[in-house]
Amino acid sequence: MCGIVGHLGPKNSVNIVLEGLKRLEYRGYDSAGVSYIDEHNELQIYKKTGKLENLKNLLGDQDFKARMCIGHTRWATHGEVNDTNSHPHMKDHISIVHNGIIENASTLRKQLTASGYEFKSQTDSEVFLSLLVTELAKGKGFKKAMVDSFAQVEGNSAFVVLNKDVNEIMSIKKGAPLVCGINEVNSEVFISSDPYALAGMASKLYFPGDEVLCHLSASNKNLLNFYDLEGNPTENYMSKNQDMSVGPTDKGDFEHFMLKEIHEQPELIRSLTQFYFQGEGLKSLLKAGEFKPSKFHITACGTAYYAGLLIRDFIETFNRIPCSTELASEFRYRNPLLNKDEASLFISQSGETADTLAAQELCTTNNVKTLSVVNVDGSTLFRNCDDNLLIRAGIEIGVASTKAFTQQALTGRLLSLSLSDELKDETKRVALTAKFSLLAEKIDHLISRSEEIKTIAESIHNHKGFFYTGRGKYFPVALEGALKLKEIAYVHAEGYAAGELKHGPIAMIDEDMVNVALVGPELFEKTISNIQEIKARKGIIVTIGPKDEEELEELSDYYFGIDFDGLDELSPVYINIVNQLLAYYIAKYKGTDIDKPRNLAKSVTVE
Ligand code: F6R
């Protein structure tokens with residue numbers, strides 16, 4: 001969602017903030033802005049809707065001398081997308097950027113308006129600015145005014161404030177991602193919503209806890225200080241060395257990051273298994289499998305939730321431990337039954353998804369062990385869980401998740417192997433490595449057939465709607481395939497259990513409706529019957545199923561035969577690669593913004 005970057009130091013702050021914002025572009029946004037103190041000690045503000053490039057054009061070719069700057073990429077929540085609603089927001093000598101939602105904004109807005117404050121924007125963020133200005137006008141110091149303003153807002157937010165009067169940046173957050181960084185050699189201090197923005201710039205990172213005031217100032221002995229709400233120094237933060245690099249943001253020869261990330265999957269699978277079966281990951285994997293709970297609560301959102309459905313199948317099939325898989329946004333408000341002998345498993349690429357974090361907190365509060373399957377090392381989810389398994393997908397730039405899904409599902413399989421204690425045996429690990437390598441090899445082969453998938457996409461891209469169907473272990477990937485198509489091609493698609501269509505949605509089938517049928521070797525005949533039902537109603541059949549199956553081929557308008565041999569439980573991950581490529585090429589024919597689809601954000605930090 002919104003991206004925040006701030007910098008204070010002797011180097012040109014505006015350029016550094018712009019570089020940080022550029023790195024956050026992948027998260028999705030609709031406007032961008034910066035605010036800085038110029039060489040004449042004037043507070044400047046520039047903001048523009050659209051891409052960062054628009055903001056850069058507005059800034060022009062200036063030779064900035066700024067020593068302090070905050071910047072923002074906005075993903076609109078309160079108020080339409082326009083220049084005025086873009087961040088930063090400024091009043092007198094204060095400018096602010098905000099990530100999150102102020103839930104009581106409209107009440108506060110009425111009160112502040114009644115007491116004479118004139119709002120310029122429709123945003124909830126400006127409410128915090130007006131609170132702050134009001135508190136400062138009462139003669140309070142910056143720190144105290146921040147705390148007292150923060151106390152009045154409800155919901156999860158991170159605020160970063162630049163105060164020209166005192167030449168300081170101050171920040172506070174609750175339930176929203178925030179990281180500070182320092183580079184002592186260059187006497188620089190940074191703040192951001194995402195450590196990736198600071199890669200290669202800050203040498204050390206500090207993740208503040210909730211309700212910790214982060215104070216960035218050049219006039220202190222320490223460039224960065226943390227205070228509690230009483231204004232006392234606090235150690236309520238986690239620090240770590242910054243070891244991220246910026247390298248992988250290059251698309252290389254690929255037209256889109258999404259395509260590049262699809263192509264990365266075979267190599268990532270190899271390196272995942274090497275790390276967990278032979279390398280330094282084995283210890284953490286064995287540890288994650290030590291506790292055998294009576295039940296797993298698997299919780300996640302979107303694509304990660306669908307990976308959770310696959311993980312549920314792995315754990316229930318191989319470990320016979322019951323699992324419930326739930327959407328985090330529902331789980332958190334459902335008052336679920338939670339017991340101490342159970343465990344909870346959270347799946348997330350970003351590790352910053354607001355609903356998933358809330359679900360995790362609920363489990364911790366109820367003394368249920370928490371475990372994550374997560375991509376971003378050091379993310380909030382990673383820090384808050386008792387135990388973590390990193391999926392090692394590398395940075396995922398395409399908003400539509402591809403490689404993270406694959407790695408999440410496979411890491412879940414590794415967890416289930418660990419739960420059954422199979423990984424303690426070297427011979428078994430070698431055999432398992434061979435199975436995962438086979439998957440990587442077969443995915444390589446699928447990718448080499450991309451042109452065939454592209455041809456199918458060309459023929460079907462203009463149809464009005466799509467049903468993705470699958471049974472058993474292929475049902476979760478039917479859901480995932482439909483989601484992928486919806487988000488990047490903007491066409492209506494639904495994932496359905498193949499046997500369920502006749503209980504309602506079959507009414508929608510006609511000659512303009514496509515059925516992408518995911519067929520595996522299991523429940524083969526039954527799935528064929530389901531396809532027949534759609535065919536009989538003139539639906540267009542695209543089958544992705546076992547190769548050399550004449551019956552299937554005859555039944556299908558388009559048939560993409562694949563080789564499932566030896567993959568067993570890993571086959572849904574395999575078939576899903578075709579889903580990814582099909583969605584990609586359909587979107588390409590439709591001419592959408594594949595890497596940054598409209599209305600979407602990479603990391604959903606509001607509920
Ligand atoms: C879809 C997609 C989303 C995410 C969801 C959870 O392609 O990426 O559905 O899976 O927003 O995000 P994470 O995994 O970061 O918790």
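1. Start with K602 and E396. In this predicted model, K602 makes a salt bridge with E396, and their closest N and O atoms sit 2.7 Å apart. The two partners come from distant parts of the chain: K602 belongs to the segment after α18 (571-590), while E396 is in the loop between β19 (387-390) and α12, 206 residues apart. Both ends of this pair, K602 and E396, are buried. If you're wondering how such pairs arise, side chains of opposite charge can pair when their charged atoms come close.

2. How many salt bridges does a search of the whole structure find? The count is 36. Not every one has buried partners, so have a look at D421 and K424 next, because D421 is partly exposed at 34% relative accessibility. Their side chains meet in a salt bridge with an N to O distance of 3.4 Å. K424 counts as exposed because its relative accessible area is 57%, and the cut-off for that word is over 50%.

3. Another pair to click on is D557 and K535, whose side chains form a salt bridge at 3.9 Å, N to O. D557 lies in the loop between α17 (550-555) and β24 (558-562), and K535 is in helix α16 (residues 524-535), so this pair ties together parts 22 residues apart in sequence. D557 is partly exposed at 39% relative accessibility, and K535 is partly exposed too, at 32%. Salt bridges can also share partners: E135, K138, K140, K144 and D148 are joined into one network that way.

4. Now zoom out to the domains. The domain assignment splits the protein chain into domain 1 (3-248), domain 2 (250-448) and domain 3 (449-607). Let's stay with the second and third of these. The centres of domain 2 and domain 3, taken over C-alpha atoms, are 24 Å apart. Where they meet, 46 residues of domain 2 are in contact with 44 residues of domain 3.

5. What area do domain 2 and domain 3 bury between them? About 3,800 Å², with 64% of it on carbon and sulfur atoms. In case that way of putting it is new to you, the size of an interface is often given as the accessible area lost when the parts come together.

6. Charged and polar pairs turn up at this interface as well. Between domain 2 and domain 3 there are six salt bridges. You can also find K435 and D568, whose side chains meet in a salt bridge of 2.9 Å, N to O. Counting residue pairs in polar contact across the interface of domain 2 and domain 3, with both residues at pLDDT 80 or more, gives 23.

7. Which helices build the side of domain 2 that touches domain 3? At least two residues each come from α6 (257-278), α8 (302-319), α10 (354-365), α12 (403-419) and α13 (426-448). The largest share is that of α13, with 10 residues. Sorted by class, that side of domain 2 has 23 nonpolar, 13 polar and 10 charged residues.

8. Next, some single residues. I172 sits in strand β8 (residues 168-174). Is I172 buried or exposed? It is buried, because its relative accessible area is 0%. Leaving out residues up to four places away in sequence, I172 touches M146, F150, S157, A158, F159, E211, V212, L213 and L229. The C-alpha atoms of I172 and G209 are 9.2 Å apart, though these residues are separated by 37 places along the chain.

9. S324 is part of strand β16 (residues 323-327). It counts as buried because its relative accessibility is 18%, and the limit is under 20%. The side chains of S324 and H297 are joined by a polar contact of 3.5 Å. Setting aside neighbours within four places in sequence, S324 is in contact with K295, F296, H297 and I298.

10. Last stop: Q242, in the loop between β14 (237-241) and α6. Being in a loop doesn't put Q242 out in the open here: at 13% relative accessibility, Q242 counts as buried. A polar atom of the Q242 side chain lies 3.2 Å from the backbone oxygen of P195, and one lies 3.4 Å from the backbone oxygen of L198. Both P195 and L198 are among the residues that Q242 touches beyond four places in sequence, which also include A199, G200, A202, S203, K204 and L205.

Definitions and conventions: Residues are numbered from 1 along each chain as its sequence is written. This is a predicted model: local features need pLDDT of at least 70, side-chain atom pairs count only at pLDDT 80 or more; totals for chains, interfaces and linings use all residues. Side-chain values use heavy atoms; hydrogens and water are left out. Domain bounds come from an automatic or database domain assignment. Contact means heavy atoms within 4.5 Å. Buried area is the accessible area (1.4 Å probe) that two parts lose on being put together, summed over both. A salt bridge is a side-chain nitrogen of Lys or Arg within 4 Å of a carboxyl oxygen of Asp or Glu. A polar contact is a pair of N or O atoms within 3.5 Å; within protein, one must be able to donate a hydrogen and the other to accept it, and residues adjacent in sequence count only if both atoms are side-chain atoms. Helices (H or I, at least four residues) and strands (E, at least two) are DSSP runs, numbered from the N terminus. Ala, Val, Leu, Ile, Met, Phe, Trp, Tyr, Cys and Pro count as nonpolar, Asp, Glu, Lys and Arg as charged, and the others, Gly among them, as polar. Buried means under 20% relative accessible area, exposed over 50%, partly exposed in between (1.4 Å probe, protein chains only).
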